[in-house]
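Biologist: Could you take me through the smaller-scale architecture of this model with a close look at one part, and then set that part against its surroundings? I would like the criteria behind each term spelled out as you go.

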Amino acid sequence: MRIEISYKFIIGFLIVVVSGVVVNLVVPHLQIPPEFQQFFSVTCALVVGLIFGSIFSRAFTANIRRLTSAGDQISQGDLSEDIQLKESRFPDETSDLANAMNHIQKSLRNLVGDIRGISFKVAGSAQNLSGTSQEVSASAQEVARTVDQISKGAETQAEMVEESNRLFKEVAISINLVAKAAKNVAESAHQTVETAKSGSEMASVSLGSIRQVLAEAESSSQQMYNFIGQLQRISKFVEVINGVAQKTNLLALNATIEAARAGEYGRGFAVVAEEIRKLADSSTISANEITDLVEGIRAEGQQVQSSMGQVIEEMESSREAVDRTNQAFSAITQKAVGTQTKANSIAELSVQQISSAEQITRAIDEIDKVVSDNAAATEQVSAATQEQSAAMEELAQSALHLSNLSETMLQIVKQFKLAEEDQD
Amino acid sequence: MALTLIFTLEEEVYGLEIDAIQEIIEEPALHYVPRAEGVLTGAINFHGQVLAVIDLPTLLGFPGRERDHRQVVLTPEFKSLVLTVSNIQRIVKLDLTTLQPPPENTQGRAIRGVAELDEMMVKLLDTDEIINQLENQYGE
């Protein structure tokens with residue numbers, strides 16, 4: 001049965017009062033001299049008051065002490081034990097206070113446990129964070145190294161690009177030279193063509209002249225042949241004349257013989273026969289002279305003809321030579337035209353190459369720019385990485401700090417003594 | 001003075017009196033005669049008569065030389081023989097009074113004698129001797 005402390009005090013007070021009254025009532029009935037009756041009553045009242053007072057206060061202060069010691073324990077962080085008050089048939093506000101303090105202790109215990117758990121978790125997280133930040137830092141360093149390599153690579157690239165640019169400029173110069181040379185070649189080929197054409201024309205003219213001369217020589221040769229034919233006809237006539245002369249001579253001889261046989265009558269006839277013989281002889285001589293002349297003319301004619309033949313042969317070979325020269329000129333012209341065409345196409349291609357080379361140079365410049373941009377970007381990345389690294393360092397330090405803080409918190413929380421099973 | 005036909009053999013000049021000559025003919029067709037040998041070279045047809053042809057150069061010791069395309073037909077008195085000669089020149093008048101005996105080495109070669117004509121020595125043929133030699137050789 002719950003009785004509040006004020007009621008307990010009232011009850012005690014009432015008991016003391018009642019006991020005084022009772023003692024006053026009881027005493028007359030006792031064989032106690034009256035002069036001691038007053039004294040006895042006061043003494044009894046004092047004893048009863050003391051006893052009750054002491055019992056009450058003792059019971060009251062015991063609970064208070066227990067509560068105080070429990071408060072001390074809590075204040076010292078010992079949350080392990082619940083506050084147990086003496087079993088009382090009449091609990092009062094102290095048990096309420098004990099219950100409340102137990103509630104507080106329980107809440108504190110939970111709070112500390114939670115704090116400890118969270119601190120552990122925070123410490124773990126901080127360690128994790130630290131580890132992660134170290135990893136990130138390592139990664140950042142790796143990135144920084146890589147970026148450094150990229151930067152070096154970019155430098156090399158830039159150098160190579162510069163070298164490429166220089167080389168391409170040289171190539172462009174070479175191509176220009178080639179184009180100029182090709183133009184010169186084309187010009188030379190053109191001149192060659194012109195020269196060969198004029199040579200060919202001259203050869204054609206020569207050929208024409210040679211042909212004309214050849215034709216004339218051939219016609220002269222033909223004329224000479226005809227002439228020799230005529231001479232042969234003369235020879236034949238002369239032969240006929242010769243034959244006639246010989247026959248005449250024979251007739252004259254026989255006439256002389258006949259005249260001699262006729263004797264004196266044949267004398268005149270013999271003279272005529274002699275004259276005829278002389279005529280025949282001079283005919284023969286003349287015919288022979290003609291024959292000799294004709295023979296000489298024929299020999300000379302043949303010589304002329306053979307000379308003419310030689311001339312014709314030489315002319316023919318000259319014609320062939322000129323023909324070959326003409327052909328050679330034609331071949332030269334063809335070749336030179338081919339050379340000109342090729343040189344022209346080389347020149348055109350060179351021009352194209354020059355524009356291509358310029359495009360390439362421009363592209364290389366672009367590449368150069370990109371490489372520069374890359375280098376700048378790389379530097380930015382490097383800076384960012386460094387910043388990141390620094391941030392990570394800070395983060396790591398923060399994590400360490402956090403870890404320390406959580407450690408400190410744990411240390412603080414360890415001051416609290418929890419239940420045995422909660423202790424680590 | 002006697003009319004003589006002269007012809008040359010090599011450097012030598014020979015003469016043949018025209019009294020012995022019937023006719024001078026030109027390139028008659030020569031017919032082959034069986035068993036003909038030596039100076040007898042064949043036969044020709046002369047106005048229907050078959051006449052024996054005698055190679056005079058061979059007879060005179062100049063075989064294998066040029067022959068004139070004309071041949072001399074002798075009179076029937078001299079068996080109408082046909083003489084193949086070389087280089088018939090002409091008919092000349094030969095003064096037989098200046099005839100001199102033939103040189104020693106030509107003895108027996110039918111030379112009657114040697115006459116001089118325009119600084120030429122003409123060996124005059126002995127027609128009778130020629131006939132005799134032929135008759136001795138061919139028995140006819």
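**The sheet of chain B and the helices of chain A**

Modeller: In chain B, 53% of the contacts with a separation of 6 or more are between residues 24 or more positions apart, a contact being a pair of heavy atoms within 4.5 Å. This is a predicted model, in which local features need pLDDT of at least 70 and side-chain atom pairs count only at pLDDT 80 or more, while totals for chains, interfaces and linings use all residues. Residues are numbered from 1 along each chain as its sequence is written, chains are lettered from A and ligands numbered from 1 in the order in which they are written, and side-chain values use heavy atoms, with hydrogens and water left out.

Chain B contains 2 helices and 10 strands, arranged along the sequence as β-β-β-β-β-α-β-β-β-β-β-α; helices (H or I, at least four residues) and strands (E, at least two) are DSSP runs, numbered from the N terminus. Of its 140 residues, 49% are buried, where buried means under 20% relative accessible area, exposed over 50%, and partly exposed in between, with a 1.4 Å probe and protein chains only.

The part I would look at closely is an open sheet of 5 strands in chain B, with mixed pairing and the order S8-S1-S2-S10-S9. Its edge strands, each pairing on one side only, are S8 (88-94) and S9 (111-117) of chain B, and two strands are taken to pair if DSSP finds at least two bridges between them. Ignoring direction, neighbouring strands of this sheet are turned by 35 degrees against each other on average; axes are lines fitted to C-alpha atoms, for helices over the stretch in contact, and angles run from 0 to 180 degrees between N-to-C directions. Within the sheet, strands S1 (residues 2-9) and S2 (residues 12-17) of chain B run antiparallel and are joined by 6 bridges, and Phe7(B) stands opposite Tyr14(B) in S2(B). The surroundings include chain A, whose helix H3 (residues 93-262) lies across S1 and S8 of chain B and runs at about 25 degrees to S8(B).

Two loop residues of chain B deserve attention for their backbone. Most residues other than glycine have a negative phi. Glu27(B), however, has a positive phi near 40 degrees; it is found in the loop between strand S3 (21-26) and strand S4 (40-46) of chain B, and counts as exposed because its relative accessibility is 58%. Lys79(B) likewise has a positive phi, near 65 degrees, and lies in the loop between strand S6 (70-74) and strand S7 (82-84) of chain B.

Chain A, which supplies the helix across the sheet, has 4 helices and 0 strands. Among its 424 residues, 27% are buried, and 85% of its contacts between residues at least 6 apart in sequence join residues at least 24 apart. Ala347(A), in helix H4 (residues 267-414) of chain A, counts as buried because its relative accessibility is 7%. Beyond its neighbours within four places in sequence, Ala347(A) is in contact with Ala179(A), Ala182(A) and Lys183(A), and its C-alpha lies 8.3 Å from that of Ala181(A), although the two are 166 residues apart in sequence.

Side chains of opposite charge can pair when their charged atoms come close. A salt bridge here is a side-chain nitrogen of Lys or Arg within 4 Å of a carboxyl oxygen of Asp or Glu, and by this rule there are 18 over all chains. In helix H3 of chain A, Arg166(A) and Glu170(A) lie 4 residues apart, about one turn of the helix, and their side chains meet at 2.7 Å, N to O. In helix H4 of chain A, Asp281(A) and Arg277(A) form another salt bridge, with the closest N and O atoms 2.5 Å apart; Asp281(A) is partly exposed at 25% relative accessible area, whereas Arg277(A) is buried at 6%. Lys369(A) and Glu366(A) meet in a salt bridge at 3.9 Å, N to O, and are separated by about one helical turn because they are 3 residues apart in helix H4 of chain A. Salt bridges with shared partners also join Glu163(A), Arg166(A) and Glu170(A) into one network.
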